[in-house]
Amino acid sequence: MSDSRSGSDVELFEPYDPQTIEPRWQQYWMDQGTYEVDNDDPRNRYYVLCMYPYPSGAAHMGHVRNYTFGDLLTRYRTMSGDAVLSPMGFDSFGLPAENAAIKTGRHPRAFTDERIEQLRSSITRIGGVYDWRREVKSHDPSYMRWTQWIFLKFLENGLAYRKAAAVNWDPIDQTVLANEQVLADGTAERSGAVVEKRDLEQWYFRITDYAQQLLDDLDQVDWPERVVTQQRNWIGRSEGAQFDMAVVTADGQAVLSEEIATPLQFSVFTTRPDTAFGMTFCVLAPEHPLVAEIVSESLREQVEAFITLARSTSEIDRLSTERSLAERGCFTGAYATNPFTGDTVPIYLADYVLATYGTGAVMAVPGEDQRDFEFASIFGLEVIETVQRPEGFQGGAFTGDGPHINSSSATHAVAAAELNLNGLNIAEAKNAAMDWLEATGLGERKVNFRLRDWLLSRQRFWGCPIPIVYCDACGIVPVPEDQLPVLAPDDVEFTPTGQSPLLSHEGFLHTTCPTCGAPARRETDTMDTFVDSSWYYLRFTDPWSEDAPFRQDQLAQWMPVDQYIGGAEHAVLHLMYARFFTKALSDLSVLPANLREPFQRLFTQGMIRLDGAKMSKSKGNLVAPEEIIDTLGADALRLSHLAVKPPEEDVDWEDVGLEGCHRFLLRLWRLAVPGSDLTSDLREGEPESVDQEIVRATHVLIDGISKDFDRWSYNVAVAKYMAFLNELYRYVQAPEHAHGPTLQASVNTLLQLLAPACPHMTAELWAARHLAQPDGELAHVHTTAWPTADPELLVQESATLVVQINGKVRDRILVASDADEAACLAAALESDKVQQQLQGAEPHRVIARPPKLLNLLV
């Protein structure tokens, strides 16, 4: 920023005008490259990253909150001497752009580019500073090339595969959804549609290969406990046993497969093998591949109707414990043998058993499982107790511990070795049961995970194409690396047909096989947009690399991300996938071997509500930041977000104190601006003892703000700013007059401490104050060193006692920092101001908080 002003020009600056000040400094930071950082920077490195946004257009209050926190940290760490990498980009693929194209006929790229510019402008107006040279956009061909390259690396190493499966189908957005994108009520996270099931050939990433690592390495990161818990629950590790059950007739005769004439059997997984003596029936998932072969003809119609109903029910509803079981199961007419007892038990179907979890089959023990008990009660099935009930037990399933009963093979016709669990507690009986299964060869110890492989196929146009060709002779053929990126054509027809628009584009669909040269067909599905966001943080470290997604030596300068900032709604989706990508790429030597986690620290900010509901475009309850920036300014908006509550908590917009923050800035401007009438008649010369208290208070402020920033206590820091400004005003307005140099030094320190929170005003005032000096030159507060507190000045020998009478402040008195209530009362009663107010009356009650407060009630 050029500035022709000199010290002789500065008498009294214009009144505070954020609409003039803020754009000027935003342009200055951009022109000067103030927050651009090179990979060979010798300073200590610190990587701050806010989750890159979907370009929905102008910023909303969620953006303001997120980027204010990140920007404050960037500026604070820069002033603290770090080389801070703070990049920005856009998660620019997604359904909204394609849906807009369906409605308007406008290409998604034009729609997206326009909204990127809107959001970039909004972020800049908030005061956010980034190294824009490193900008990443998901739909940029240079980025798509490496997204496709990573897919091919996964395919080459068995981490990507294709299979037919029942998938979640969104009938509104006309695409497949991953399990994580289906909400608890069975609706789609984005569109709100009730999710259906469809059988389709789909591409998957084998994230389950990393389930245990994903679980174990949560101990290595500094993340909010609620996010860690959500990840642990989604991975869902279960330890137990797996064993086979033979399909038999009602009288125990083996049932043979119609195709190869071998005995039919299925595997079950259970975390409670100790209760197997109480198994009185077993349950298969409606989608289990064995169902069609074992169902009796007399029940086939009923069973098929039940299967149809189950497939149309959301996974969340199927797992719900609140729905009645009366219509959630049916008998197949088939039976199986309990290997623990040799007894024949009926095989039922139930919608609460999922084909995608465990083996898709469970043993049912109504004596020790409440859902099994309710199911048995409805269908008239036997209940066998295998754990002794405590005295006074009221009936139903018992899930507590106790000695086992009715759990000996001696009372059954089992052919295998004897097993007796009677008298053992649960832990002992589980180990004995699993030992027996392994010794007899009937089963094994097993660990299962709730986590499913990542379904990444999407039947959309506006996404990164999957680089695959299908050849009748060669099968599935990857597109050669030198032909990347595969780009979708522009001249496609956007119609909500349920299939990718690419299917109707002959020029894209039909190609030649890279292997044999024969006619071939391109894959027309695109990748889940979470693929793009699973590695963008890596590209930011080296966006100029042309021969690789990034160079390891450059990436190693920055990774892992020191501080990641974003919404808690990404706890399962984005964060899990990014962790998987980092581990997989490390194993493939694309990343350094020691890089196993992408984000060392994570901060998740609270959401913003209006009238009790989360602010969102779909609800129509957004408050536009631009309206506030156009009136009160970005600094007031930023400060109000910092002040309202701890940043991790949800915020009601009605509680955001915009006007109060604006008044604070106006008061600071009046005190700090050169030529202020408040500072025109200050004492010069040597400071006196009365000035030492403001010096001490300044160092206490330095110490307090530094600690508050380090622990993200931004609301506490804002309270300290405001309290300190009040102290400065009292100091200036004291009868003995403030010492000019002491005041100006304290004001300068306040501007430095406030600079990360309110960057525009502090930059303007700092520059103005330096220009106002004789032979003054333009100075920049954001390039100054962060103030350091003098430890000796933090040890307070005295404190300011606020004296109230009936709740109203009547005097402020210096007392010893260790003064007790008696000493404070004595000092207060010696004050002329206090005595004048008391007029001889004796306080009937004293409320004391020594040495800070004394309230006399008269």
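**Exercise 1. The surroundings of A789**

Which residues does A789 touch, not counting residues up to four places away in sequence?

*Solution.* The structure is a predicted model.
Step 1: locate the residue. A789 lies in the loop between α24 and α25 (791-794).
Step 2: classify its accessibility. A789 has a relative accessible area of 18%, and the cut-off for buried is under 20%, so A789 is buried.
Step 3: list the contacts. With residues up to four places away in sequence set aside, A789 touches H699, I702, D703 and L794.
Step 4: relate sequence distance to spatial distance for one chosen pair. A789 and V561 are 228 residues apart in sequence, and their C-alpha atoms are 29 Å apart in space.

**Exercise 2. The packing of α20 and α24**

Determine how helix α20 is oriented with respect to helix α24, and describe the residues in their contact.

*Solution.* Two packed helices are described by the angle between their axes and the distance between the axes.
Step 1: take both values. The axes of α20 (residues 658-672) and α24 (residues 759-771) come within 11 Å and cross at roughly 5°.
Step 2: assign the orientation. Angles under 35 degrees count as roughly parallel, and α20 is therefore roughly parallel to α24.
Step 3: identify the residues that meet. From α20 these are L665, L668, W669 and A672, and from α24 they are M761, E764, L765 and R769.
Step 4: sort them by class. The contact of α20 with α24 has six nonpolar, no polar and two charged residues.
Step 5: examine one further residue of α20. H662 is found in this helix and counts as buried at 13% relative accessibility. Beyond its neighbours within four places in sequence, H662 is in contact with Y16, L632 and A636.

**Exercise 3. The packing of α19 and α24**

Carry out the analysis for helix α19 and helix α24.

*Solution.*
Step 1: the axes of α19 (residues 634-644) and α24 come within 7 Å, with a crossing angle of roughly 125°.
Step 2: this angle makes α19 oblique to α24.
Step 3: A634, D635 and R638 in α19 meet P759, H760 and M761 in α24.
Step 4: by class, the contact of α19 with α24 comprises three nonpolar, one polar and two charged residues.

**Exercise 4. Cysteines and disulfides**

How many disulfides does the distance rule give, and why do C282 and C661 not form one?

*Solution.*
Step 1: recall the bond. A disulfide is a covalent bond between the sulfur atoms of two cysteines.
Step 2: apply the cut-off. The sulfur atoms must lie within 2.5 Å, and the count comes to zero disulfides.
Step 3: test C282. The closest cysteine sulfur is that of C330, at 13 Å, which is too far for a bond. C282 is buried, with a relative accessible area of 0%.
Step 4: test C661. The closest cysteine sulfur belongs to C758, 7.8 Å away, which is again too far for a bond. C661 is buried as well, at a relative accessible area of 2%.

**Exercise 5. Backbone geometry in loops**

Locate the cis peptide bonds at P560 and P851, and characterise the positive phi values of S589 and W712.

*Solution.*
Step 1: the peptide bond from M559 to P560 is cis, with omega near 0°. P560 lies in the loop between α16 (552-555) and β22 (563-567).
Step 2: P850 and P851 are joined by a cis peptide bond with omega of about 0°. The loop between β29 (845-849) and β30 (853-857) holds P851.
Step 3: S589 is not a glycine, yet its phi is positive, at about 65°. S589 sits in the loop between α17 (573-587) and β23 (602-605) and counts as exposed at 55% relative accessibility.
Step 4: W712, also a residue other than glycine, has a positive phi near 60°. W712 is found in the loop between α21 (689-710) and α22 (714-732) and is buried, with a relative accessible area of 11%.

**Exercise 6. The environment of S86**

Is S86 buried or exposed, and which residue's side chain does its own side chain join in a polar contact?

*Solution.*
Step 1: S86 is found in the loop between β2 (83-85) and β3 (89-90).
Step 2: S86 has a relative accessible area of 3% and is buried.
Step 3: the side chains of S86 and T74 are joined by a polar contact of 3.4 Å.
Step 4: leaving aside neighbours within four places in sequence, S86 is in contact with V48, T74, V129, Y130 and D131.

Notes
Residues numbered from 1 in each chain as written. Predicted model: local features only at pLDDT ≥ 70, side-chain atom pairs only at ≥ 80, totals over all residues. Heavy atoms only, no water. Helix = DSSP H or I, 4+ residues; strand = E, 2+ residues; numbered from the N terminus. Buried < 20%, exposed > 50% of the residue type's maximum accessible area, 1.4 Å probe, protein only. Polar contact = N/O pair within 3.5 Å; in protein donor to acceptor, adjacent residues only side chain to side chain. Contact = heavy atoms within 4.5 Å. Axes fitted to C-alpha atoms, helices over the stretch in contact; angles between N-to-C directions. Parallel < 35°, antiparallel > 145°, perpendicular 65-115°, else oblique. Nonpolar A, V, L, I, M, F, W, Y, C, P; charged D, E, K, R; others polar.
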